[in-house]
2 protein chains.
Amino acid sequence: MIGAAVADSREMSHTPPTIYDVARAAEVSIASVSRVLNGSRNPRQETKDRVLQAVAELGFVPDGAARALSARLKEVVGVVIRRVRWVPATEGNFAEEDESLQFPDVINRGIEIAAQQQGFNLLLSSVDVDAHDVRARLLALTRKCDGLILHDRLLEPEELELLARRVPIVTLANVSTQATVNVQGDNEAGMRELARHLLRDHGYRTIGYLAGLADSPDSMARQQAVAAEVDAAGATLQSGPQWQGNYYASGGTRVIEGLISSGASLPRAIICANDQTALGVMYALGQRGVEVPRDVAVTGFDDIAMARHLRPQLTTVRQPIQEMGATAFELLHSMISNGLPAEHNIVLPTRLILRESCGCPPESTLPARRAG
Amino acid sequence: MIGAAVADSREMSHTPPTIYDVARAAEVSIASVSRVLNGSRNPRQETKDRVLQAVAELGFVPDGAARALSARLKEVVGVVIRRVRWVPATEGNFAEEDESLQFPDVINRGIEIAAQQQGFNLLLSSVDVDAHDVRARLLALTRKCDGLILHDRLLEPEELELLARRVPIVTLANVSTQATVNVQGDNEAGMRELARHLLRDHGYRTIGYLAGLADSPDSMARQQAVAAEVDAAGATLQSGPQWQGNYYASGGTRVIEGLISSGASLPRAIICANDQTALGVMYALGQRGVEVPRDVAVTGFDDIAMARHLRPQLTTVRQPIQEMGATAFELLHSMISNGLPAEHNIVLPTRLILRESCGCPPESTLPARRAG
DNA sequence: CTGAAAGCGCTTACAG
DNA sequence: CTGAAAGCGCTTACAG
């Protein structure tokens with residue numbers, strides 16, 4: 001098909017055919033070509049036929065930049081994720097730069113699939129957590145797409161509102177502002193349920209919370225939920241600087257190693273800010289001969305695919321990851337044409353997934369209930 | 001900075017400032033604005049100052065589409081990966097759609113970081129393995145970017161050459177053609193070394209090869225390397241339709257479950273096409289009470305971050321993943337301005353990484369040598 | 001229903 | 001060194 005198109009083209013030059021070439025071949029005006037291609041103001045059947053044939057013969061595809069400039073729509077959505085600084089090799093084995101963050105990656109897949117259905121493409125950027133030029137880079141992105149989807153806390157709310165004057169913005173796992181819409185999982189409900197399970201069903205009395213990126217709204221909300229439940233149960237919470245992770249497995253590993261080598265005694269259960277952290281935690285505990293869940297229970301958040309493939313399988317809170325991405329795109333898409341929606345914060349449901357790492361028996365669906 | 005810029009702008013309207021606004025504010029021509037912004041034909045200092053100040057005051061950022069149309073350069077590189085079909089929910093737990101493929105994801109990070117240094121952005125698309133409209137979609141992409149990086153075997157060589165008439169193309173883990181350049185890891189050397197290790201150092205006599213996507217050049221090359229070494233050692237290779245995976249953990253799981261439930265006897269060692277498959281294999285074996293590496297040894301390929309976090313730790317072949325991405329971008333970037341390079345197939349070195357899953361003792365760097 | 005023409009916001013010869 | 005003008009390849013009122 002491309003084959004025929006390109007091969008038959010009389011114009012073997014390296015410059016692709018333009019709408020003028022098509023118009024000439026079809027013996028119509030460029031306006032007509034544009035109309036049949038965009039299905040506007042339905043042209044006569046004969047016109048359609050001639051244009052379509054010329055298009056096929058020449059293998060014509062409209063230039064995106066010209067289309068964007070003229071139609072004032074690029075059909076591109078910018079997506080920006082946070083990553084940790086990339087260190088140019090020479091670093092130790094556990095550097096984060098090798099690790100890809102599954103949660104945002106799967107969200108992006110959801111965005112892309114939804115975008116594709118509307119003929120949009122996805123322009124992907126990543127930004128170091130401690131980059132100094134975030135604002136400038138986002139501002140530049142602003143002119144290469146019709147709207148922005150920003151993961152996590154890339155910008156403070158005030159800056160977000162400023163940026164939103166340039167282009168519609170949907171955030172993921174942040175907070176909504178007057179000018180931007182946010183999509184998130186129900187951290188509060190999910191984490192409270194998980195904490196209650198550990199405290200009540202398993203009866204654990206000391207809990208550690210291994211945080212994600214320090215300023216991440218998800219991590220902060222999850223920590224608060226844990227703290228509230230631990231409080232209510234009269235149990236003890238360990239958290240703070242020593243417990244500062246970064247959402248990567250390597251961050252989890254580093255925290256556990258720091259804790260153990262500082263001589264701290266480990267809590268009975270460690271609640272991780274996300275699954276990937278839990279992976280690193282389970283690894284580090286294993287290295288030190290601490291058995292999960294017998295000695296220390298470990299839990300995650302997200303329910304990425306890998307959570308089921310670990311041994312012991314990971315107890316976690318499931319978020320509808322792809323759906324979060326699709327929702328973010330659909331909101332943005334509607335904002336591009338219709339402006340801000342009524343609701344600025346979309347909270348998608350989460351669900352506790354009990355597997356083995358919390359201390360539940362394998363294959364269990366209902367955990368053994370202990371005294372309330 | 002955005003703050004000041006946007007807030008000070010006299011023009012509070014929703015349409016961003018254009019180069020005309022800047023020219024007016026600076027009292028120069030638009031040509032001069034363009035020149036100072038692009039650093040061409042160095043203008044007078046005073047001109048520079050006035051333009052720069054106007055730009056700052058207005059928060060001007062040039063429109064990407066207009067720039068692209070005029071300069072005939074979009075500063076966008078298209079990247080296309082393959083994924084398995086996305087099934088809209090209602091599917092079982094182990095559906096691949098939740099899983100993100102680490103290897104291409106990390107490559108893409110490498111591409112993006114290299115691209116950023118040249119002021120390029122990355123336009124990401126994914127395509128179902130069995131999509132029928134691959135050609136059409138790629139053809140359309142062609143007009144939204146300056147060049148394409150295609151993962152795996154998205155197109156047959158002939159179609160690739162046709163597409164390459166439209167835009168420079170670099171493939172990853174494919175084969176080079178007269179018109180396209182390919183970047184890959186050294187499958188042959190890496191896999192041969194791994195196979196020899198299993199055959200000679202561990203003395204395994206039956207080996208299974210769990211393939212990736214059937215038409216994937218990486219998987220085929222790896223299988224050939226395994227077959228050659230197994231042959232040379234006079235051992236037995238199991239492979240074929242029953243051993244058909246898809247690079248996902250869930251694919252590995254499915255194969256093992258199929259094998260076991262069909263009553264087949266497992267080989268002494270299973271060489272997986274990539275690490276993620278090995279993850280699923282180790283999980284499935286564990287479920288059935290088969291201990292790794294005692295009963296069956298398992299190996300991977302790629303050395304993604306997770307390989308070190310598994311228990312037992314995964315023996316694998318390391319590829320310089322981020323570097324493969326960066327190399328692909330740099331090649332493409334040079335092709336965009338200078339055309340095809342001399343060398344069309346870039347092979348980056350791989351390295352055997354011995355860990356526990358092959359049967360080596362923990363922490364070992366040198367395996368116990370058996371009789372040759 | 002169709003065509004001629006203006007315009008989208010830039011860059012870049014071309015003069016001066 | 002700088003400005004006026006043409007042109008990049010489309011879409012879309014505006015006439016007819």
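Biologist: Which helices of chains A and B each supply at least two residues of the surface near DNA strand C?

Modeller: In this predicted model, the helices are α3 (30-38) and α5 (64-71) of chain A, together with α3 (30-38) and α5 (64-71) of chain B. The largest share, 6 residues, comes from α3(B). Among the 28 residues around the strand, P43(A), T47(A), I19(B), S34(B) and S70(B) come nearest. By class, this surface has 13 nonpolar, 10 polar and 5 charged residues.

Biologist: How many residues does the contact take from chain B and from chain A?

Modeller: The size of an interface is often given as the accessible area lost when the parts come together. Here the description is by residues: the contact takes 53 from chain B and 53 from chain A. On the side of chain B that touches chain A, 24 residues are nonpolar, 13 polar and 16 charged. Strand β2 (residues 121-128) of chain A is joined to β2(B) by 3 bridges, and the two run antiparallel. Within this pairing, L122(A) stands opposite L124(B).

Biologist: Where is D152(B) found, and is D152(B) buried or exposed?

Modeller: Most residues other than glycine have a negative phi, and most peptide bonds are trans. D152(B) has a positive phi, near 60°, and lies in the loop between β3 (147-151) and α8 of chain B. D152(B) is buried, because 25 other C-beta atoms lie within 10 Å, and 20 or more suffice for that class.

Biologist: Which peptide bond of chain A is cis?

Modeller: The bond from V292(A) to P293(A) is cis, with omega near 0°. P293(A) belongs to the loop between α12 (275-287) and β9 (297-299) of chain A.

Notes: Residues are numbered from 1 along each chain as its sequence is written. Chains are lettered from A and ligands numbered from 1 in the order in which they are written. This is a predicted model: local features need pLDDT of at least 70, side-chain atom pairs count only at pLDDT 80 or more; totals for chains, interfaces and linings use all residues. A residue is near a molecule or strand if its C-beta atom, placed from the backbone, lies within 6 Å of it. Helices (H or I, at least four residues) and strands (E, at least two) are DSSP runs, numbered from the N terminus. Ala, Val, Leu, Ile, Met, Phe, Trp, Tyr, Cys and Pro count as nonpolar, Asp, Glu, Lys and Arg as charged, and the others, Gly among them, as polar. Two residues are in contact if their C-beta atoms, placed from the backbone, lie within 7 Å. Two strands pair if DSSP finds at least two bridges between them. A residue is buried if 20 or more other C-beta atoms lie within 10 Å of its own, exposed if 12 or fewer, and partly exposed in between; C-beta atoms are placed from the backbone.
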